[in-house]
Amino acid sequence: MSSPMDIALEEARLAAGRGEVPVGAVLVEGSTGAVIARAGNETRQGNDPTAHAEMLAIRRAAAILGNERLSGCDLYVTLEPCPMCAGAISFARLRRVYYGADDPKGGGVAHGPRIFAQPTCHHRPEVYGGIGEAAAAELLREFFAARR
């Protein structure tokens with residue numbers, strides 16, 4: 001059985017195959033680990049700058065569960081969420097966020113605006129970085145090296 005981060009990495013590989021930045025996300029039910037939704041970046045495919053893997057997984061899970069509050073759910077994502085995604089994570093009331101590679105330039109959790117540390121942030125999930133970091137970082141390095 002694949003771990004949620006393994007599934008997120010597979011979504012990232014699929015995204016790269018579509019010419020998207022290789023980021024994948026999986027949203028699971030927190031107590032059972034059952035996969036509710038999964039996605040890879042689709043910004044180019046959909047001409048949608050908000051179609052980040054995290055946003056798509058959150059949207060899909062909310063639709064499946066019929067609720068905008070995903071308080072018992074955990075998100076696994078291959079790259080540190082950006083500020084937009086961190087905001088959505090907070091609004092969705094996710095329980096935990098596990099991410100792979102840090103994103104010093106575009107991250108919004110451990111870098112940049114650190115959304116969950118802001119006094120205006122109304123919900124702060126538990127955050128665990130560095131999960132599957134080497135594999136996630138390698139995917140990103142290979143993707144961008146091929147485009148230089």
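Exposed, in this briefing, means over 50% relative accessible area, buried means under 20%, and partly exposed covers the values in between, with a 1.4 Å probe and protein chains only. By that scale Ser31 counts as exposed, at 64% relative accessibility. The model is predicted, so that local features need pLDDT of at least 70 and side-chain atom pairs count only at pLDDT 80 or more, while totals for chains, interfaces and linings use all residues. Residues are numbered from 1 along each chain as its sequence is written, and side-chain values use heavy atoms, with hydrogens and water left out.

**Nonpolar core**

- The largest nonpolar core, a set of buried Ala, Val, Leu, Ile, Met, Phe, Trp, Tyr and Cys residues joined through side-chain atoms within 4.5 Å, has 46 residues, of which Leu27, Ile58, Leu70, Leu75, Ile89, Leu94 and Phe116 touch the most other members.
- At least two residues of this core come from each of helix H1 (4-17), strand S1 (24-29), strand S2 (35-40), helix H2 (53-65), strand S3 (73-79), helix H3 (83-92), strand S4 (96-101) and helix H4 (133-145), where helices (H or I, at least four residues) and strands (E, at least two) are DSSP runs numbered from the N terminus.
- The most is given by H2, which supplies seven residues to this core.
- In soluble globular proteins, nonpolar side chains tend to be buried together.
- Leu27, placed in strand S1, counts as buried at 0% relative accessibility, and its C-alpha lies 6.2 Å from that of Ala57, although the two are 30 residues apart in sequence.
- With residues up to four places away in sequence not counted, the residues that Leu27 touches include Ala57, Ile58, Ala61, Leu70, Leu75 and Leu94, a contact being defined by heavy atoms within 4.5 Å.
- For Ile89, again leaving aside neighbours within four places in sequence, the contacts are Ile58, Leu75, Pro81, Leu94, Val97, Phe116, His123 and Pro125.

**Aromatic rings**

- The structure holds three aromatic pairs, a pair being rings of Phe, Tyr and Trp (its six-membered ring) whose centres lie within 6.5 Å, with planes under 30 degrees apart counted as stacked, over 60 as edge-to-face and the rest as tilted.
- Tyr76 and Tyr98 make a stacked pair, at 4.4 Å centre to centre and with 10 degrees between the planes.
- Because Tyr76 lies in strand S3 and Tyr98 in strand S4, this pair ties together parts that are 22 residues apart in sequence.
- Both rings belong to buried residues, since Tyr76 has 14% relative accessibility and Tyr98 has 15%.
- Phe143 and Phe144 form an edge-to-face pair, because their ring centres are 5.1 Å apart and their planes are at 85 degrees.
- Within that pair Phe143 counts as buried at 7% relative accessibility, whereas Phe144 counts as partly exposed at 34%.
- Tyr76, Tyr98 and Tyr128 form one aromatic cluster.
- Arg147 lies over the face of Phe143, at 3.7 Å from the ring centre, under the criterion that NZ of Lys or CZ of Arg is within 6 Å of the ring centre and within 35 degrees of the ring normal.

**Largest pocket**

- The volume of the largest pocket is about 300 Å³, a volume being the space filled by probe spheres set on grid points that are joined across faces, edges and corners.
- A pocket here is an open set of points, on a 1 Å grid over the protein atoms alone, where a 1.4 Å probe fits, with protein on both sides within 12 Å along at least five of seven lines, and lining residues have an atom within 4 Å of a point.
- Of the 13 residues that line this pocket, Asp103, Lys105, Leu140, Phe144 and Arg148 are the closest to its centre.
- H4 provides the largest share of the lining, with five residues.

**Loop residues**

- Pro22, in the loop between H1 and S1, is buried with a relative accessible area of 1%, and among the residues it touches beyond four places in sequence are Ala12, Thr78, Leu139, Leu140 and Phe143.
- Ser31 lies in the loop between S1 and S2, where it is in contact with Gly72 and Arg95, leaving aside neighbours within four places in sequence.
- Asn47, in the loop between S2 and H2, has a positive phi near 45 degrees without being a glycine, and it counts as exposed at 69% relative accessibility.
- Arg114, in the loop between S4 and strand S5 (126-128), likewise has a positive phi of about 45 degrees although it is not a glycine, and it is partly exposed at 42%.
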